[in-house]
Amino acid sequence: MTLRSGLTQLMAMALVACAAAPQDDATRLAQAQSQMRRGAYDSAATIFAELAGSSDASIAVAARRSHVRALAERGRYDDAEAAARRYTAQPRGENVLVPLGDVLRTRGRLAPAESAYTLAASRRATDSLTARLRLGELRLDQGDRAGARRVFDGFIDVYNTRGERLTSAELLAVARACRHLGADDPQLFKDALRAYDAAIAADSGNIDARIEAGEMFLEKYNGPDARQMFGGILKENPSNPRALLGMARVLVFDGAPGADSLVKRSLAVNERLVDARLMLARLRLDSEDYDDAEREATRALETDPGSPVGHALIAASRYMRDDRKGFDEASRRALERDPKSVVLHTTLAEVASRNRRYQAAVDFARRAVMLDSSSSLAQGTLGMNALRIGQFDTARVHLDRAFARDPYHVWIKNTLDLLDTFGQYKETRTKRFHLIIHGREADLLAPYLLELLDEGYEKLAARYGYEPPTPIRLEVYRSHGDFSVRTVGLPGLGALGVSFGSVLAMHSPSARKVGEYNWGSTVWHELAHAFTLGMTDHRIPRWLSEGISVREERRARPGWGADTPLGFLVAYARGQMPPVSRMNDAFTRPAFPEQTALAYYQASLVIEMIEENFGPRAVADILKEYRTNGTGPVIQRTLKASAQQLDNQLDAYIRKRFARQFAALGVGAGDAADRPPRGEFMSLIAEGRAAVARGQHAEAIAVFERAKALFPEYAEDESPYRYLAAAYKATGDLRRAAAELQAHTLLNEADYEANIELAGMLEQLGDRVGAAAALERAIWISPYEPSLHLRLAEHLSAIGEHKKAVRERRAIVALDPVDRAEARYQLARALVDAGDRASARREVLLALEEAPSFERAQTLLLELRREGGRP
Amino acid sequence: MKAEYGIRIAVCGLLLAGGALRAQTHVIIVTGASGESKYAASFHATASALVDALVTKHGVADDDVTYLAEDPARDAKRIDGKSSKAQLTQTIAQVTARARAGERVVLILIGHGSHAGADSRFNLPGPDLTAAEMSVMLAPLRSMQVAIVNAASASGDFLPVLSGKNRVVITATKTSYERNETLFPRYFVAAFTTPGADTDKDERISLLEAFTYAKREVARAYETDNRLPTEHALLDDDGDKRGSPEPDPRAGDGSLARRFIVGGERAAAAVAANGPAASELVTRRTRLETQIDSLRRRKDSMAADAYERELERLLVELAQVSQAIREGRTP
């Protein structure tokens, strides 16, 4: 290389280097942005910091904005603010004013945030439209609705004049403005959604637009669309804190487990994320862990000391703990920014409602409406809660008002749609109960329900020395969707029945598959809640109320709530069930999907243990104490035990009571969650089944008898009792077969087929009393088969149970048989047997109205007439 | 029945000459091409149950029931011939020849159907039978009351083709597009074999009662099995070519079907056996039944109390008269 040529080469290399530097920065910027979208916030922040000094001004500005954002995403707000302030002092610093304002606003420093946004707007920063939006939102935060509306109105003009030229970020600002304007003109919610779609179409990397669209779906209780939106974001970035939070809220909507862990994942990325802390506070309130709830809300306030929701949640926590002074103070703080805000009272109403304080929820919601009657949130909250305490007229008025302001709110729309169907329901009234049942099955179900409810009321009132307010209203829904809408506002959510105190709701047996539901035990369960909620002024923890209800089911009828779930023993042995002190967690944030169902049984064991260890009055004493005390003092005063001691007592009780069963299942604390139990009980079931398959009934009997002895409470799918019944039947021993089947049906409340088969066997054996009992059990599973009522009526008449026979004959009439005349005639005969000749005469006339030539009915009519039984 | 078919035709002729109460209902039951043995068994079980019930419970003369099936050898005692188009044509011709004006002829088809419109078919061994062909086949029966019960799948399009004056047409489905196996025949036959369909308690089953019973039980069966119904039966008896899913004798379809009793000769004979002594009571009874019927029609326009009083008065009187008739008392 000559000198000349060497210099030329060096010159050329230098030129290339000069040209290459900006290109590398552009590439690195793109890489860092990609990392940020995937959730690698720290490494992205490092690169953004380096690129903040890029010689390419546009790259430098983009990097500075992203740097502030990346720091904020990790909750490093001090660093973010410092960086932002540094960048604003540099050339083109106006473009970092909005990120600076956002950090300040997040920390509740509204005045400096306003200055930053004002400056960004006046200096025509690239994001000046966003700055204008934020200024409007700050006004809204501080209660200046008219001023905010004026700002947001301007965005309509922006969209109309510049529509297609708007950037994705600007379209996002338009969407948010429309969303705010939607509070006054609900049609603008549609425009908001359109603008979000446009923003996403303009830049699919605009995660904010996707998150906010998801959040708007959540606002409208549209869980499926919200789930789809957040799910898509989390697929790309599994650690996006806001998407994790959104998905957690979706899970809460769905009543599905896992919300807690999603919020924690969100906080792992940004431990100072205010909304995540507040969500955690809500979850703690749901699980009646009021101290923890306040701790979480307080942590949120460390970031944003003025957060109205934060103060509202603290107020709610203090309300639930009866801390009146603290409640007043937190309430005052919640209204500091905006004295007309409905946030405080709607939050209090929501928390009160989720903690079963339904009257208090109505009172809070009413105050929200008084503060701002134009708020659809306040109107809807009042309407929904009025419905829960049975104030239908009030509910209708406020739900209508909420719907007029927000017709896209799925919960409210569903509820109004349901109310529209109430004309099809028939009301049956007694002094104690009002039953609301669909007209198609009211005449069938009401007699059974009233008989059972009266029995339940008498027994529970005697046991607890308390009578809940009457009339108790029971609503029975023919579809699971209607039941879900009535109870939680959205279709597709779990639970068989619900008690709001003296307002109960449950599935009709027609809403469930035969074999998965017992409508008798369900109504008994819900009635027991009416007692425990009423007696404690709705202060009873959920787990305790559920435990008592299941325990009362077991007392009501053999078989109801009686089966010991194998899943419970396995989960307990593996340490998957919580102690008494954390039992509410299993109901409000279950660790695995089945945990809640298993917790019902565990809670009932707590009640049995208390009754055994502390006497039959102990539970009633506990309930009385709850009117004035929380769980800790209640347990201490009534059981003279600490929470820890009670935990230990329950553990000892369960391990002793089920020692043989635990051993037979062969499960232990170290087992993997998905490992099936492999103990002797399982082996015997397998061995017995093999013997059955070989047709070796004697051997099968011997094996299943051993299995039964190991776990006599088990009557689920592989019930040894059923196998034994089949084997005894095969050997011709009908009596023993019936005995086994009887034992099975006295443990399994929903095995319809077993009861039918048992009734047939007992009929063959001439045992009318037993057959009648089996048929009655079957009817509490499914009452729709006329032949069952017919058989039962005949047995009852034969054994002299004439009043019950009348009930069965009425059921046959209610099932609207083709041969109505025969059904009415038989009812008339049953009424004669029961001594009610006046009703008999009415029925026989109805039979003859259907079929005037009906010979037997004619004879009965003349007979009744001769005996003077005039209607 | 097949074994004695020829002889019975002759006997029937003698009996027809002997009394006015004989041979009021002529029943032809046809089971079609089965396709599978399980359907063959099912069709035969249904048809044979009906044959037995008509003869033993409903007073239809043995000779007046003709059962044609795919395989006559399956049950030589009951089956009278092969269910080919030719045999069916011949059977209808024989019934036409021996039935008298005003008598009742019932044709019941059990099996599979296919195609649509006038070309809608009932599947027979050999050539199928179209709705249009059946219409021609039945034309000579115009002086009789005729009922056609097409209980096959895809039977709905038979209805408009066969609809006519003095004729009841029942189909198991509402169109030819409902092509799944039908439950309707099982329950239609059950109306005659089990208690429960005789809603007016006259101990006879009318076609309206059988239809209503079958329809209700079909609906119940689908509901119990948690399935959506794939068949919707129709009845037409006013000749307007439109079937009713819920016939109501007070409005449109149902009036003729209510009066169309399948069998019932024994009951009629029993009343006649009481002789002229009971005739006045019978007349009173008929008058009372008419009055009750009329009262029930006016129910909606009357005050409830007045209606109930009058109904009770009439029902008590009817009960007393009926009792007198049963006990052979004079008026």
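This report walks through a predicted model, taking in the domains of chain A, one helix pair and the contact between two chains.

## Domains of chain A

Start with the overall layout. The domain assignment splits chain A into domain 1 (26-218), domain 2 (440-478 + 506-665) and domain 3 (817-871). If you take centres over C-alpha atoms, domain 1 of chain A and domain 2 of chain A sit 51 Å apart.

## A helix pair in chain A

Now for some packing. Two packed helices are described by the angle between their axes and the distance between the axes. Here, helix α11 (residues 207-219) of chain A packs against helix α13 (residues 241-254) of chain A at about 20°, and their axes are 10 Å apart. Because angles under 35 degrees count as roughly parallel, α11(A) is roughly parallel to α13(A). The crossing of α11(A) past α13(A) is left-handed.

Who's touching whom? On the α11(A) side you'll find Ile211(A), Gly214(A), Glu215(A) and Leu218(A), and they meet Arg242(A), Ala243(A), Gly246(A) and Arg249(A) of α13(A). Sorted by class, the residues of this contact come out as three nonpolar, two polar and three charged.

## Where chain B touches chain A

Between the chains, 22 residues of chain B are in contact with 18 residues of chain A. On the chain B side, the elements giving two or more residues are α7 (207-224), α10 (279-297) and α11 (304-326) of chain B. The largest share comes from α11(B), which puts in nine residues.

As for chemistry, the side of chain B that touches chain A has eight nonpolar, six polar and eight charged residues.

Definitions and conventions:
Residues numbered from 1 in each chain as written. Chains lettered and ligands numbered in written order. Predicted model: local features only at pLDDT ≥ 70, side-chain atom pairs only at ≥ 80, totals over all residues. Axes fitted to C-alpha atoms, helices over the stretch in contact; angles between N-to-C directions. Helix = DSSP H or I, 4+ residues; strand = E, 2+ residues; numbered from the N terminus. Parallel < 35°, antiparallel > 145°, perpendicular 65-115°, else oblique. Left-handed = near helix turned anticlockwise from the far one by under 90°. Contact = placed C-beta atoms within 7 Å. Nonpolar A, V, L, I, M, F, W, Y, C, P; charged D, E, K, R; others polar. Domains from an automatic or database assignment.
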